Structures are given as structure tokens and as C-alpha cells.
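Visitor: Please pick one part of this model and look at it closely. I would like to know how that part is placed, what lies against it, and how the rest of the chain relates to it.

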Amino acid sequence: DYELPEPIPRITDYSITPGIARLLRGLMREVWESSVGLPRVVELGSGISTLVLADEYRKLAGPEQDLSHVFPPVVQSYEHGQTHFLETARFLNRWVFAKVYWVACRVQEDLLQSWYVIGDTGPIDLLFVDGPPGDLHLQARAPAFPRLRYRLAANALIVVDDFHRPAERTMVAAWQMGDPGLKLHGVHEVENGRQVCVLRWEGGA
């Protein structure tokens, strides 16, 4: 039932693996079943994951659901650099399903001085943290939960890629220490020794 080609093409060596793609699809279905109204998805770090999230959302919504005039957009992706942003846009435009403006991509160049400029999201049901890249600085992704905490819907899922790395483990531990409502939902082993951590926030906007 996949309309994206299998295996999913890679934009860079840092693209998500097929195992992460399957996990994201499953988590999308989970929030779809539990959310009230249309779930909102925010992604930090664009790429193949943007296609996967948009594709699964379209399938769950079905052809009868018109998302073109929904505001704020139901799937939003934020990218750290113009070059990778343009690559993601090029891949999105290769598939007709992605040529809809409810998939909103935004770029923020100067992350050494500031973090992503996040637009209006509505209550976020699924937050995928896969950027900014760690080579900017070790805790480049650390602001994700503190800055977006009060935008999260009740029982929102926070998905943290690269959990096998010490920086991401330290980051998640600090998040949980600062908010006892942030609970571990699971740690998933995927290809090439990578791990993905899924958290559930038992609070809500």
C-alpha cells in the first residue's frame, strides 16, 4: 500500500532508515486514533521523514478529507539549512501527494545564534526531533521539549532519533528530570545500530 518507492530513496547518509519509516507510520496511526480532531505533526529536521509523515497522514485522512484550507498546516517541518531544505522540497515535489500546501516546510539558517522560528502549530500530537544536526553543537536539539512543551497536546508523543548517541541520551534524561510528566513510551532498535526513543507527555496544551 506504499506509494513511495521501496526502498525509500535517501537524500543524505543521515536519512532515516526503513525501520524508522515504519516506526513513524505506526506512531502516526497511534496519534490518529487517540487525538480529538485532526492531529498536528511537527518535525524538526526535514528529509525522507517529511515524505513518510505526509504520506501516512494523507492515507489516514482519506480522499474525502480536504486538508488544503486547514490552518495551521497539519504537518509542519523545520530545517536548519537552505541546501538541505531545497533537497527536501525537490523530493516532496516528485510525488503528487506532497504537492499540497498543508505540508509546510520552513528554514532557519543561523542556529548558532538562535533556534528554529516555530510558527503557529496548534496543539502538537506528534513531535519528531531529528534536528538540528549534532555537529552544530552537542546539545543543538535540547531546546525542543522546553520550547514546545506548552504547545503539546495531552498525551502527545515525542520521537527522538539518534538515541544511541550520548548527547541524545543526556538530553532526554534532562527533559525527564525537569518534567515528571514526560514518560518513556519505548526505545526502538533500528538498522545500523541506531536507536529511536519515544516519549509520551502526560500533560497537554
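Guide: Contact is used here for heavy atoms within 4.5 Å of each other. The model is predicted, and the part chosen is helix 5, residues 166–178.

Begin with the geometry of the helix. Helix 5 has 13 residues, and at 1.5 Å a residue it should span 18 Å. Its end C-alpha atoms are 18 Å apart, which agrees with that expectation. Which of its residues are buried? They are Ala167, Glu168, Met171, Val172 and Trp175. Viewed down the axis of helix 5, these buried residues fall within an arc of 130 degrees, so they line one face of the helix. An α-helix has 3.6 residues a turn, so residues three or four places apart point the same way. On the face turned away from the buried side, helix 5 carries the exposed residues Pro166 and Met177.

What covers the buried residues of helix 5? The cover includes strand 4 (124–129), helix 4 (144–148), strand 5 (152–160), strand 6 (182–189) and strand 7 (195–201).

One residue on the buried face, Trp175, also belongs to an aromatic cluster, together with Phe145 and Trp201. By the ring-centre rule, the count comes to 4 aromatic pairs. One of them is Tyr78 with Tyr116, a tilted pair at 6.4 Å centre to centre and 55 degrees between the planes. This pair links distant parts of the chain, 38 residues apart: Tyr78 is in strand 2 (residues 75–79), and Tyr116 is in the loop between strand 3 (103–107) and strand 4. Tyr78 counts as buried because its relative accessibility is 1%; Tyr116, at 5%, counts as buried as well.

Another pair brings us back to the cluster: Phe145 and Trp201 are edge-to-face, 6.2 Å centre to centre, with 80 degrees between the planes. This pair too links distant parts of the chain, since Phe145 is in helix 4 and Trp201 is in strand 7, 56 residues apart. Phe145 is buried, with a relative accessible area of 4%, and Trp201 is buried, with 5%. Helix 4 and strand 7 are also among the elements that cover the buried residues of helix 5.

Next, the nonpolar cores. The largest has 26 residues, and those with the most contacts inside it are Ile16, Leu24, Leu126 and Val159. The elements that give two or more residues to this core are helix 1 (18–34), helix 2 (48–61), strand 4, strand 5 and strand 7. Helix 1 gives the most, with 7 residues. A second, separate core has 24 residues, including Leu44, Phe163, Leu182 and Cys197. As for helix 5, the cover of its buried residues includes strand 4, strand 5 and strand 7, which also appear among the contributors to the largest core.

Two residues with positive phi lie before helix 5 in sequence. Asn155, in strand 5, has a phi of about 65 degrees although it is not a glycine. At 41% relative accessibility, Asn155 counts as partly exposed. Asp162 is in the loop between strand 5 and helix 5, and its phi is positive too, about 60 degrees, although it is not a glycine. Asp162 is buried, with a relative accessible area of 8%.

There are also cis peptide bonds elsewhere in the chain. The bond from Gly131 to Pro132 is cis, with omega near 0 degrees, and Pro132 is in the loop between strand 4 and helix 4. The bond from Phe71 to Pro72 is cis, with omega near -5 degrees, and Pro72 is in the loop between helix 2 and strand 2.

Finally, the whole chain. It has 5 helices and 7 strands, which run α-β-α-β-α-β-β-α-β-α-β-β from the N terminus on. Of its 205 residues, 52% count as buried. Among contacts between residues at least 6 apart in sequence, 77% join residues at least 24 apart. The accessible surface comes to about 9600 Å², and 54% of it belongs to carbon and sulfur atoms.

Definitions and conventions: Residues are numbered from 1 along each chain as its sequence is written. This is a predicted model: local features need pLDDT of at least 70, side-chain atom pairs count only at pLDDT 80 or more; totals for chains, interfaces and linings use all residues. Side-chain values use heavy atoms; hydrogens and water are left out. Helices (H or I, at least four residues) and strands (E, at least two) are DSSP runs, numbered from the N terminus. The expected span of a helix is 1.5 Å times one less than its number of residues. Buried means under 20% relative accessible area, exposed over 50%, partly exposed in between (1.4 Å probe, protein chains only). The arc is that of the directions from the helix axis to the C-beta atoms. Rings of Phe, Tyr and Trp (its six-membered ring) pair if their centres lie within 6.5 Å; planes under 30 degrees apart count as stacked, over 60 as edge-to-face and the rest as tilted. A nonpolar core is a set of buried Ala, Val, Leu, Ile, Met, Phe, Trp, Tyr and Cys residues joined through side-chain atoms within 4.5 Å. Accessible areas come from the Shrake-Rupley method with a 1.4 Å probe; for residues, only the protein chains shown count as cover.
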